[in-house]
Amino acid sequence: MLLQRQFPALGFSPFRVGECVLHELKECKRSQLPVSRSHFRGLKLINEYYRVNDSKRRPGQGHGAKKHDGLPQNADLPPVLPKKKKKPYPIPLKKILQASRADKKLAEKGIEKSLEPPKNGLLVPDLVPLAYEVLDAWKILIGGVAQLLHVVPVYACSECSEVHVAQSGHEIKDCEGPNNGTRNSFHSWVKGSINDILLPIESYHMYDPFGRRIKHDTRFNYDRIPAIVELCIQAGVELPDYPSRRRTEPIRMIGKKVIERGGFVEEPQVHHSSDGRSSIVDLDTHGALERFSPPEESEIPRIARKTINAYEKVKWGVRKLMKKYSVKACGYCSEVHVGPWGHNAKLCGEFKHQWRDGKHGWQDATVDEVFPPNYVWFVREPKGPPLKSSLKRFYGKVPAVVEVCRQAGARIPDRYKPMMRIDIVVPESDEARLVA
């Protein structure tokens with residue numbers, strides 16, 4: 001007769017979860033339960049413990065969260081997008097297609113699309129004062145940068161778009177201009193201008209943004225003005241030299257087709273002032289250095305503070321206006337158009353423009369495309385030795401306007417400090433290879 005061997009019941013070894021100790025299942029009241037049920041009961045207790053304790057955690061204290069809230073110690077700049085590829089959509093493509101399908105279903109049923117101001121051509125009254133404030137800050141920004149450039153040296157590469165704010169150009173080998181191989185990727189520095197600090201982003205001015213679209217043959221019938229100025233005009237600013245149609249009746253659309261726009265209206269004749277001075281002169285960077293004389297030494301810190309405050313106000317105001325008013329940008333080049341639809345001028349010469357017959361690939365614009373920051377290297381000692389290429393990874397960057405104002409004596413907002421990397425100690429050239 002075979003003897004039946006008795007195996008001990010399987011159980012868990014003692015371990016601690018918080019302040020609770022789970023003993024072996026043989027000591028529990030339900031020690032007679034099958035092994036499988038005991039096993040799942042133990043897992044259930046563990047999961048219940050973590051669920052209760054996770055719910056007690058404050059927001060931002062989950063697994064992998066930082067201990068300290070606020071600004072990070074160091075932050076990387078936005079990645080440089082490749083030129084041989086289309087820019088990513090600011091709005092996910094899935095949401096764009098979803099909204100397009102919803103509009104198409106309504107159009108098939110003959111249902112009119114519901115539009116809110118300013119999508120229906122009417123102004124938003126609450127944003128009109130903001131548009132005037134942005135335009136005034138833009139005027140102050142141009143004047144302040146023009147005055148500071150008389151005392152703060154700025155250099156620009158004649159072969160690429162690199163800009164440097166210091167007493168001399170840096171020695172970082174990152175020039176991508178033509179014939180850079182003969183210069184060993186060193187930059188060819190020349191004296192910079194205001195357009196190197198405030199990049200000129202222009203747009204066509206349209207009397208009626210919802211009227212006839214600009215075609216390639218009619219592009220010379222429209223003036224080119226700064227995109228920020230055109231955005232403020234469409235938001236309610238009245239400029240004598242650049243009138244805009246103010247609708248009293250909303251436009252109506254079914255799908256993508258406009259069924260009622262109040263007819264096409266020709267642009268009225270503009271009567272210039274007696275002295276021949278246009279109202280756009282003070283709102284454009286062209287010739288700004290000649291219009292503003294060098295400031296007195298005692299006034300430089302005050303001008304720097306006023307300039308950086310104007311820069312922050314323009315950026316904040318443009319972001320707020322773009323949440324309501326449509327601005328389009330080309331997905332391949334730097335062209336910007338303020339209005340519900342992009343123009344049809346065939347001026348794009350970027351990646352695979354032959355496939356598009358030179359037409360722009362319009363998509364929703366971002367704030368950095370309308371008001372680009374133009375990042376430059378942060379210089380700890382403007383009068384010190386030039387930046388070295390071997391220490392490139394220890395340097396930080398900052399918008400060009402912020403760097404000019406900082407060297408002129410202005411206080412830098414805290415949100416720019418992580419990208420400046422001011423807490424990193426820059427080693428000597430022979431010590432750089434020893435740093436992990």
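# Briefing on a predicted protein chain

Of the 436 residues in the protein chain, 37% are buried. The model is predicted. The chain holds ten helices and 14 strands. Among its contacts with a separation of 6 or more, 71% are between residues 24 or more positions apart. The accessible surface of the chain is about 27300 Å², and carbon and sulfur atoms account for 53% of that surface.

## Nonpolar cores

- The largest nonpolar core has 69 residues, and the members that touch the most others are Trp-138, Leu-141, Ile-197, Ile-228, Val-229, Val-318 and Val-370.
- Helix α3 (residues 128-148) supplies eleven residues, the largest share of this core.
- A second core, separate from the largest one, has eight residues, including Ala-166, Trp-377, Val-379 and Phe-394.
- In soluble globular proteins, nonpolar side chains tend to be buried together.
- Beyond its neighbours within four places in sequence, Val-370 contacts Ile-201, Ala-227, Ile-228, Val-318, Met-322, Val-327, Val-336 and Ala-365.

## Ile-225 in strand β7

- Ile-225 belongs to strand β7 (residues 224-226).
- Its relative accessibility is 1%, so Ile-225 counts as buried, the cut-off being under 20%.
- Leaving out residues up to four places away in sequence, Ile-225 touches Ile-201, Glu-202, Ser-203, His-205, Glu-230, Ile-233, Tyr-242 and Ile-280.
- Ile-225 and Leu-283 are 58 residues apart along the chain, and 8.9 Å separates their C-alpha atoms.

## Glu-369 in helix α8

- Glu-369 is part of helix α8 (residues 367-370).
- With 16% relative accessibility, Glu-369 counts as buried, because that value falls under 20%.
- The side chain of Glu-369 makes a polar contact of 3.1 Å with the side chain of Lys-87.
- A polar atom of the Glu-369 side chain also lies 3.0 Å from the backbone nitrogen of Thr-366.
- Not counting residues up to four places away in sequence, Glu-369 touches Lys-87, Ile-201, Ala-329, Cys-330, Val-336 and Asp-364.

## Strand β10 and its partners

- Strand β10 (residues 327-330) is covered on both faces, with Val-327 and Ala-329 buried on one side and Lys-328 and Cys-330 buried on the other.
- In a regular strand the side chains alternate between the two faces of the sheet.
- β10 and β11 run antiparallel and are joined by three bridges.
- The hairpin of β10 and β11 has five residues between the strands.
- β10 is also joined to β12 by three bridges, and these two strands run antiparallel.
- Lys-328 stands opposite His-337 in β11 and opposite Asp-364 in β12.

## The hairpin of β8 and β9

- Strands β8 (residues 252-254) and β9 (residues 257-260) run antiparallel, with three bridges between them.
- Ile-254 has Lys-257 of β9 as its bridge partner.
- Two residues lie between the strands of this hairpin, in which Gly-255 has a positive phi near 70°.

## Helix α2 and the loop after it

- Helix α2 (residues 93-108) has 16 residues, which at 1.5 Å a residue should span 22 Å.
- The end C-alpha atoms of α2 are 22 Å apart, so the expected span and the distance agree.
- Gly-110, just after α2, has a positive phi of about 75°.
- The peptide bond between Pro-117 and Pro-118 is cis, with omega about 5°.
- Pro-118 is located in the loop between α2 and α3.

## Positive phi outside glycine

- Most residues other than glycine have a negative phi, and most peptide bonds are trans.
- Asn-179 is a residue other than glycine with a positive phi, near 60°.
- Asn-179 sits in the loop between β4 (163-165) and β5 (189-191).
- The relative accessible area of Asn-179 is 59%, so this residue is exposed, the cut-off for exposed being over 50%.
- Lys-352, also other than glycine, has a positive phi near 55°.
- Lys-352 is in the loop between β11 (336-338) and β12 (362-364).
- Lys-352 has a relative accessible area of 35% and is therefore partly exposed.

Technical notes: Residues numbered from 1 in each chain as written. Predicted model: local features only at pLDDT ≥ 70, side-chain atom pairs only at ≥ 80, totals over all residues. Heavy atoms only, no water. Core = buried A, V, L, I, M, F, W, Y, C linked by side-chain atoms within 4.5 Å. Buried < 20%, exposed > 50% of the residue type's maximum accessible area, 1.4 Å probe, protein only. Helix = DSSP H or I, 4+ residues; strand = E, 2+ residues; numbered from the N terminus. Contact = heavy atoms within 4.5 Å. Expected span 1.5 Å × (residues − 1). Polar contact = N/O pair within 3.5 Å; in protein donor to acceptor, adjacent residues only side chain to side chain. Pairing = 2+ DSSP bridges. Areas by Shrake-Rupley, 256 points an atom, 1.4 Å probe, with all protein chains shown as cover.
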